[in-house]
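User: I should like to learn how to read the interface between two chains. Please take me through the general ideas and then this case.

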Protein chains: 2
Amino acid sequence: MTLKNLTVVMDALKAALTEEQVTINETVRELHGKDESYHALQLPDIVVFPESTQQVSQIMKISNEFKVPVVPFGLGSSLEGHVIPVNGGITIDFSLMNKVLEVKEHDFLVKVQPGVTRTQLNKELKKYGLFFSVDPGADATLGGMVATNASGTTSVKYGVMRDQVRDLEVVLADGLVIHTGNLAAKSSSGLHLNGLFTGSEGTLGCFTEMTLRVYGIPEHVSAARASFPSVNDAVEAVVSILQAGIPVARVELVDEPSIKQVNLYSETTYTEKPTLFLEFHGNEAGLKQDVEFMNEIVLGHGCQEIQFESDTASRNKLWEARHNLAYAFIHGYPGKKMMVTDVCLPISELAGAVAHARENLESMDLIGGIVGHVGDGNFHVLLMMDMNEAEEVAKAGKFNERIVLYALERGGTCTGEHGVGIGKQKYQQQEHGDALRVMEKIKQALDPHNLLNPNKNVKAEKKEAF
Amino acid sequence: MTLKNLTVVMDALKAALTEEQVTINETVRELHGKDESYHALQLPDIVVFPESTQQVSQIMKISNEFKVPVVPFGLGSSLEGHVIPVNGGITIDFSLMNKVLEVKEHDFLVKVQPGVTRTQLNKELKKYGLFFSVDPGADATLGGMVATNASGTTSVKYGVMRDQVRDLEVVLADGLVIHTGNLAAKSSSGLHLNGLFTGSEGTLGCFTEMTLRVYGIPEHVSAARASFPSVNDAVEAVVSILQAGIPVARVELVDEPSIKQVNLYSETTYTEKPTLFLEFHGNEAGLKQDVEFMNEIVLGHGCQEIQFESDTASRNKLWEARHNLAYAFIHGYPGKKMMVTDVCLPISELAGAVAHARENLESMDLIGGIVGHVGDGNFHVLLMMDMNEAEEVAKAGKFNERIVLYALERGGTCTGEHGVGIGKQKYQQQEHGDALRVMEKIKQALDPHNLLNPNKNVKAEKKEAF
């Protein structure tokens, strides 16, 4: 942005908001120039901190008047560069819009502002005996989680972020405010805008209020940790559990090198074998029967050791190894950055995909652990790389590409839950084919001047024959 | 269509397909001029019976070349006039595209052509120990069910049609063929076209293949029929059951006049009181505990009589009253047509809405029964009216309007599962507000010549300021 434009836009923003809500402070801009990924820093020209829907609408009107791009920003915990303002412009920080507005306990709904984090929400919901199910690794904001269609360990039972969205208040490119849904559990009215805006990564509008589905805290919870001779045995055990119709609430795979890393980091003595972390939610009698059946199944798949826990403290301890994994790698490789792959495949292809990933890690001499939300067919390779070593970075990129192409060739997706952002754009054409033209037409129709988080996820339409 | 145009289009269609697949036969056109609703007959000019995606693509190219509207047609079981060709043109009958293409049992997926009916699919799936969960009243085609985002008695547990769609092969307005999804259980890649095309009622494209989610046949099923002093008691019992976290698979409400109608029609002796029909799916021990807990809850809400069944034959008998309801009314009022209301509300508003509907039935002196998928907050009033009595038709329309406005004022939707078609268009502006402009822009972007089922669901964009 030229200095002249900057001054004009700043004046307009300060008139619409207050002086304090608009800044060009270098440090603040730097905090809004990156996320938790390996993607390079790029600074916004201006950072604004709106306090209301009306202020966000004003910001969009100014963006539209001066043709300045905007990037919505939650906490910057995204993993594919979603919030990096690659075209500069205005970053809208939603940290002042962080209220839980209403808990409608009888309808299992909650209305929140986009800056609320998932742990903040769960703290509030606990008072009502309710919880919010989606749990990505980071304590992300709910606005960011809707924007990327986040998921986590519980989606095998409760679904992904999109399944929880009942209504979004959205400020469109021209400042118009719409509601994408309603409070009913289902609807066949009009086009499904809830689904379209969820996962749109800030490219179609800014969320200012969100009505989300919540669940009753389960009556009983059982957890288990089971180790297997091989990753393949573990994955096949999961397929059998699902086929038996056992309603598993969580089932996470952690591979052998990752367990080793956790033991190193946490000074624990977990068996260094491919391990499944399982959790079951339900009534006491039903859980007992489910867990007995599950036990039989895992033994049939060569399970070498299984440990059960049902009280909260023991369960938390059991899950520690899983939760500490990313930190164990980051802590163990100081100076390196983490690249996280994120493919998701049909479950029948999962064992092959994990084996393929491990073979490539070894043949390419890369350091990394494999963890997976295996009930969904989604797994991550946590890859440690030195960003100053061009060859290492290139190799990691090549590895990621192999993982993605393997998945796409087998009916999978390049991203199960992290989103496209910058990092997965190069695979969009191959994954979506001509459907990408449809997405581009929608982007073009709703953001004709390409102002909303430009060059992320779906880019503006190229003017080609349709 | 002028005779000259008709000849030219017929020639083009016969060249692209075969002579036998294209007809202007009056009887065939009449069969494609209506659905199961009260909406008036209007004939297509031509009916075509494609056998492949490629033929559907050819049809769309011809439609595009000659600017002739098309209407996709499954079995004509829609309830809001979706398949009535209000602008004439070509009706595409999908009855020759009725194959179950692939059962991917390990991935809980099935690939079908759009003309497959839900009972045909379930017959095939049974061989694999699987079932398809969505069960609207009619034995509709799966293409039609995707088009209207259908649901039914099991959506409280398994979700609606949109929740089952993993991928659609769609022929767009210009004949281009796209895939809207993939085979993975979740994805954060691109925009969510699965959700957008599901429920689009033929206005954005024609479905030619669909990959849908299926489920393992539950290990154990328990069913119960419970009668209550009032509708309010019954609905409140359901709210308590849901709040207790009991995972109910079906919970249907049938009101007192409807039970009376069933007794008259089926010569049964069901207790003539507001009745809940419940079903639970799970393992034996878990079900036992769930059903005991449910029993306590319904007794606490004044339940006067409860009957349990778990073997298939007895369960089927138990559900008969529910399934026979529409027929009991149609049979009981020969010469009358049925208008079915379809609002869905937040569950906390359901008891009030049902009471409001009953009051209005009585004060307006209308004949009708109330049934509801109460776990979802969705209920129907089955209204019998003589289409030759203008006053009666007007009164039924007025009643429907009151029901809809009551729902919209309380965060509900004008249609929970039947769709918009012709009948619910008049409520779209009030329900969606400015979000309707977004839907119109999407329609305009994907169907610029307004050829795909014009004047249904979301209409083409009015050229106004956005």
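Analyst: The turns below treat the contact between the chains.
This is a predicted model, in which local features need pLDDT of at least 70, side-chain atom pairs count only at pLDDT 80 or more, and totals for chains, interfaces and linings use all residues. Residues are numbered from 1 along each chain as its sequence is written, chains are lettered from A and ligands numbered from 1 in the order in which they are written, and side-chain values use heavy atoms, with hydrogens and water left out.

User: How many residues does the contact take from chain A and from chain B?

Analyst: Contact means heavy atoms within 4.5 Å. On that rule, chain A and chain B contribute 78 residues each.

User: What area do chain A and chain B bury between them?

Analyst: The size of an interface is often given as the accessible area lost when the parts come together. Buried area is that loss (1.4 Å probe), summed over both parts. Here it is about 6,000 Å², with 59% on carbon and sulfur atoms. In chain A, the residues losing the most area to chain B are A:K186, A:S188 and A:L191, together 14% of what that side buries.

User: How many salt bridges does the rule find across the interface of chain A and chain B?

Analyst: A salt bridge is a side-chain nitrogen of Lys or Arg within 4 Å of a carboxyl oxygen of Asp or Glu. The rule finds 4 across this interface. A:K186 forms a salt bridge with B:E417, their closest N and O atoms lying 2.9 Å apart.

Conventions
Buried area = accessible area lost by both parts, 1.4 Å probe.
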